[in-house]
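Grab a pencil and open the viewer: here are a few exercises to work through. Try each task on your own before you read the solution.

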Amino acid sequence: MKFLLKLFAWLISLSIFGVLVVGAGATYILWEYGKHLPDYKQLADYDPPTATRVHAGDGRLIAEYATEKRVFVPITSIPREVVHGFVAAEDQNFYAHHGVDPIALARAVVTNVSLYFKKRRFIGASTITQQVAKNFLLTNEASLDRKIKEAILAFRIEQALSKDRIMELYLNEIYLGYGSYGVAAAALNYFDKSMDELTTAEIAYLAALPKAPNNYHPIRKHDAAIARRNWVVGRMLEEGYIDQLSALEARDEALIVKPRTATEFVEASYFVEEVRRELSDEFGLDVVNEGGLSVRTTLDPVLQDYAENALRKGLEAYDRRHGYRGVVGNISLDTGWEQRLKEVTMPAGVVGWKKAAIIELEEKSAFVAFSDGKTGTIPFRELRWARKPLKNQKVGGALKRPADVLSLGDVVLVEEVKTGAPKEQGGPRVEYPDGTYALRQVPAINGAIIALDPHTGRVMAMSGGWSFDRSQFNRATQAKRQPGSAFKPFVYLAGLDKGYTPATMILDAPFVLDQGPGQPKWKPANYSKKFYGPSPMRIGIEKSRNLMTVRLAQAIGMETVADYAKRFHILEDMPEQLSMSLGAGAVKLIDLASAYGMLVNGGKEIRPTFIDRVQDKHGKTIFKHDKRVCVECKDATWTIGDVDMPKLPDERAVLADPASAYQVVTMLEGVVQRGTGRRIRSIGKPLAGKTGTTNDSRDVWFMGFSPDLVAGIFVGFDTPIPLGTQLWGGQETGSSVAAPIFKTFMTDVMKDRPAIPFRTPPGVRMVRIDAETGRLANAASSKVIVEAFKSGTEPGIGAQAVVIDGSDTLDDVSVDGEEEKTLRAKTGTSRGIY
C-alpha cells in the first residue's frame, strides 16, 4: 500500500513536471514566434484592392482596370448559401473554434500517419481564420515556422475580429483560378452570374477550388472537378445546409462553364484608354487599378459603333484609290498547305476579314481557299482597284485580269461581300452569290473621328485611328495637325462681331505681302487658282476662298483672330501672322470639335469631357463634370402634380455674340447646301460644316454638325505626306476624303431623328437677298437666299460694312490678261479697293 502511494505521488509529480515543461515550452514558442509577427489589427480596416469599372452613358460596362480582378462584396450582401458552401468544404467548425480547430488538427495527424506509409501527400487542417492569416499577413512558404506563426495569428485575429468580418475577408480575398480573386469575381468568370444567381452545384464547385484550383479545372480536369464538387455537396448535406433532394439535384447538374459576357459591347479602345489616362492624372494609377471606382462616362455605344464603322470604311476607301501594296505572304500549295496558311501572321487590327490562299486564277475571277478547307471566289470587279502603287500616291494602269496582281499561293486578306459596284454608272448594285469575297488591305493612312454634345462638351463617340491594336496613338486627342480651311469660321466670327455681315462684300483678288528683307513675297491663292472679284462674305466660307479670308483677317487685325483662337481653346498662343488665318497653326481634333460646338450653342464656352461622374467603392461621388448645385433637385415634390421641374443655372461663359455665332452657323449650312461640303446635302436633314485641306493635301478635315451633335474628322499620314490625286483626276481634299466619313456617320445618326432646324437667337432677322451682290433681292436676282442679319444691319436699313484693302495692286501679281480685265471691270480700279 505504501508502495502504491509512493508510485501515485511520483506519477502526480511527473505529470505536474510534464505540464510545466510543456507549458514552458508552449510559452517559449508563443513568445519566440509571436514577438515579430505582423500587426493583425490592420485587418479590421483592411480595404482590399478592387477593380475600377467603367460604364458607358447608358450604364453598360465597357472596361475594367485592375491589378487583381476582384469585386468586393460586404458580408451582408453575400448569400448565406455561399457562406455555408465554403464552411462545409473548408472549415465545418468555423463558428465554434477560436482560430485553430483541435479536432480537425487531431484528425489530420492520424490521417497523415497513414498517408506517410502510403507515400501520399499530407492533408492540411488550416481553418478559414488561418487561411486569412496566411493570405493577408504571411507568405506561402511551406514550413513548420510558418504554420506556428499562422496558428498564433489565427488566435489573435479571432480575438480582434468578428466571425462575419473574418468570413468577409476570406471570401473576397481567396484565389479561385480563372484570374478570379474573391467569390464574386469567380461567379462571373466561371458562370457569368452574380453570387445570388448561383445554383447549389455551382456554389459547391467554387467551394471546392481554394486548395488547388488547377487540380479541378472545369475543362482540362473535368472528371476531377465533378468528383470534388460532389464531395462538397455531400459535406453541405452532412452539415444540414441542404436537404437530400437538393443534394441529388446538385450532383446530377452538369458542370458547364459559361464565358463571362464580354466587357466591351462596342469597340471603344481609344475612348477607354483616354478615360484611363484622365483618371490616372486625377487620382493616381494605384487608385485607378485598386480603388474600386465606379466611372460613368459620356460614351454613347450606338454612336460609337457608327463612328468606328465610318472611320474604318473611309480610310479603307481612300487607301484603295491609291493602289495595292502587296499580299500578306505566299505559301506552297502542296500537301499540308492548310497548316502553312494558319501559320501566316494575321496583320494587327484586322476585324471581319479572313486570310485566304489563291488556289486558281481565271480571266474574270480568282479562287481562294481557307485553312478550314472552305473555298470562295473573288470576282474581277472586286480586284480592279488593286493597281500598282506609284510615287506621290499615284497608281499604275488599269488591270486586265486577276493574274496582273495575284499569283498562285499568295496569301491575301478578303472580306465576304453580298453586293458589288454597279456595272454601269447609276445602275443597281450587283447581287453576289454566297462565298463571294473582295480583296482587302490594311490602310497605310490613318485618321480620327470625334462626336460631342455642343451644349455640354460630353464626348459621345471617339476613335483615334483605324485600329487600337495596330497603333495606340490617339489622333483625336494627341495629334496636332494643321486644320487648313476648317479654321476659317473663327476668322469670320471675329469679323461679324466687329460689325460686318454675311452680305459684306470682300474683294477676291490677288494679294501680296512683303515679308521683309531677304524674304520672298507671300502670295496666297485660292484652291481654284482663280480670282472672283467682290463677293459676299458668305461666299468666302461656302467656297472656301483663301484671298477673301486673308483680306478679312487683315481688316480686323490678326491680334483679334489670335484672341478668338485662344478664347475658343483652339490655339492658346497663335502667332499674329496672316497665314494663320488660313489654318497654318497645328491643332488637336478634339479642340477644334469643341470650338465648333461653341458655334452651335450660341458662343457659350464648353470643355470636352469623357467622364460624367466618378464614385468611390462606397458610392460617394468624388468627381463630377457638371459642378452646378441643384438644391431643388433633392425635393421629391417637383415630380408630383403641377410643380415645375427645377432649372439649373447656365454658368457657361459667353465668348461671342450669339447672333454672330448663328450667322456663322447659317453660312456653314451654305457650305453643305452649295459649297465644298455639298455631298452632305443628300442626307436631307439640317446640317452644316466646313472642309479643311492643307498645302499639298497633307492633312484633310471635315468639321460638321447638327443642332445637337458635332462631329469632326481628320485624315492624314502619321508622317505627313501629300495625299495625292484621285484616280479620276483632282487633288484629294477634305471634300473627297473626310467629308464622306462624316456623311456615313451622320447618315446612320440622323436616320431616325427628326429634322430639327438650327435655333435662331433673339435679335436676328431673316432677309431675302441676292447671293451675288449681297443686296436686297429683286426681280432681276438670279440667286436668292435667306440671310441672317442682326437687327439694324439689313440691306436698305443700315449701312453695310465693307472691307477696304489698298495694300496690294493687281500689278504685283502675275495673272492672265482675261482675269485682269475681269477684275478691273468688277472693281473699277487697278488697286484692288472696294
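**Exercise 1: Strands side by side**

Task: Work out how many bridges join strand β12 to strand β20, and find the partner of Asn-446.

Solution. Keep in mind that you're looking at a predicted model. Start with β12, which covers residues 446–452, and β20, which covers residues 709–716. Seven bridges join the two, and they run antiparallel. Now go to Asn-446: its bridge partner in β20 is Gly-716.

Next, zoom out to the whole sheet. Five strands form an open sheet, and you can read off the order as β13-β12-β20-β19-β18, with antiparallel pairing. What about the edges? There you find β13 (459–463) and β18 (688–693); each has a single partner strand, so one side of each has no neighbour in the sheet. From one strand to the next, the twist averages 5°.

**Exercise 2: Rings in pairs**

Task: Decide how the rings of Tyr-175 and Tyr-181 are arranged, then do the same for Trp-701 and Phe-714.

Solution. A pair of aromatic rings is described by the distance of the centres and the angle of the planes. The structure holds 22 aromatic pairs, and we'll take two of them.

- Step 1: Tyr-175 and Tyr-181 have ring centres 4.9 Å apart and planes at 50°. Planes under 30 degrees apart would count as stacked and over 60 as edge-to-face, so what's left is tilted. That makes this pair tilted.
- Step 2: Check the surroundings. Tyr-175 is partly exposed at 37% relative accessible area, and Tyr-181 is partly exposed at 25%.
- Step 3: For Trp-701 and Phe-714, the centres are 5.2 Å apart and the planes sit at 55°, so this pair is tilted.
- Step 4: Trp-701 belongs to strand β19 (residues 699–706) and Phe-714 to strand β20, so the pair ties together parts 13 residues apart in sequence.
- Step 5: Trp-701 has 1% relative accessibility and counts as buried; Phe-714 is buried too, at 2%.

If you'd like a group of rings to hunt for, one aromatic cluster includes Phe-487, Phe-490, Tyr-564 and Phe-705.

**Exercise 3: Opposite charges**

Task: Describe the salt bridges of Glu-274 with Arg-277, Lys-418 with Asp-434, and Lys-790 with Asp-657.

Solution. Side chains of opposite charge can pair when their charged atoms come close. The structure holds 33 salt bridges.

- Step 1: In the pair Glu-274 and Arg-277, the closest N and O atoms are 2.6 Å apart. Both residues lie in helix α11 (residues 269–283), three residues apart, which is about one turn of the helix. Glu-274 is buried at 11%, while Arg-277 is partly exposed at 22%. Glu-273, Glu-274, Arg-276 and Arg-277 are linked in a salt-bridge network.
- Step 2: Lys-418 and Asp-434 meet at 3.2 Å, N to O. This pair links distant parts of the chain, 16 residues apart: Lys-418 is in the loop between β8 and β9, and Asp-434 in the loop between β10 and β11. Lys-418 is partly exposed at 46%, whereas Asp-434 is exposed at 67%.
- Step 3: Lys-790 and Asp-657 meet at 3.6 Å, N to O. Here the partners are 133 residues apart, with Lys-790 in strand β22 and Asp-657 in the loop between β17 and α20. Lys-790 is buried at 16%, and Asp-657 is partly exposed at 32%.

Conventions:
Residues numbered from 1 in each chain as written. Predicted model: local features only at pLDDT ≥ 70, side-chain atom pairs only at ≥ 80, totals over all residues. Heavy atoms only, no water. Pairing = 2+ DSSP bridges. Helix = DSSP H or I, 4+ residues; strand = E, 2+ residues; numbered from the N terminus. Axes fitted to C-alpha atoms, helices over the stretch in contact; angles between N-to-C directions. Phe/Tyr/Trp six-rings, centres within 6.5 Å; stacked < 30°, edge-to-face > 60°. Buried < 20%, exposed > 50% of the residue type's maximum accessible area, 1.4 Å probe, protein only. Salt bridge = Lys/Arg side-chain N within 4 Å of Asp/Glu carboxyl O.
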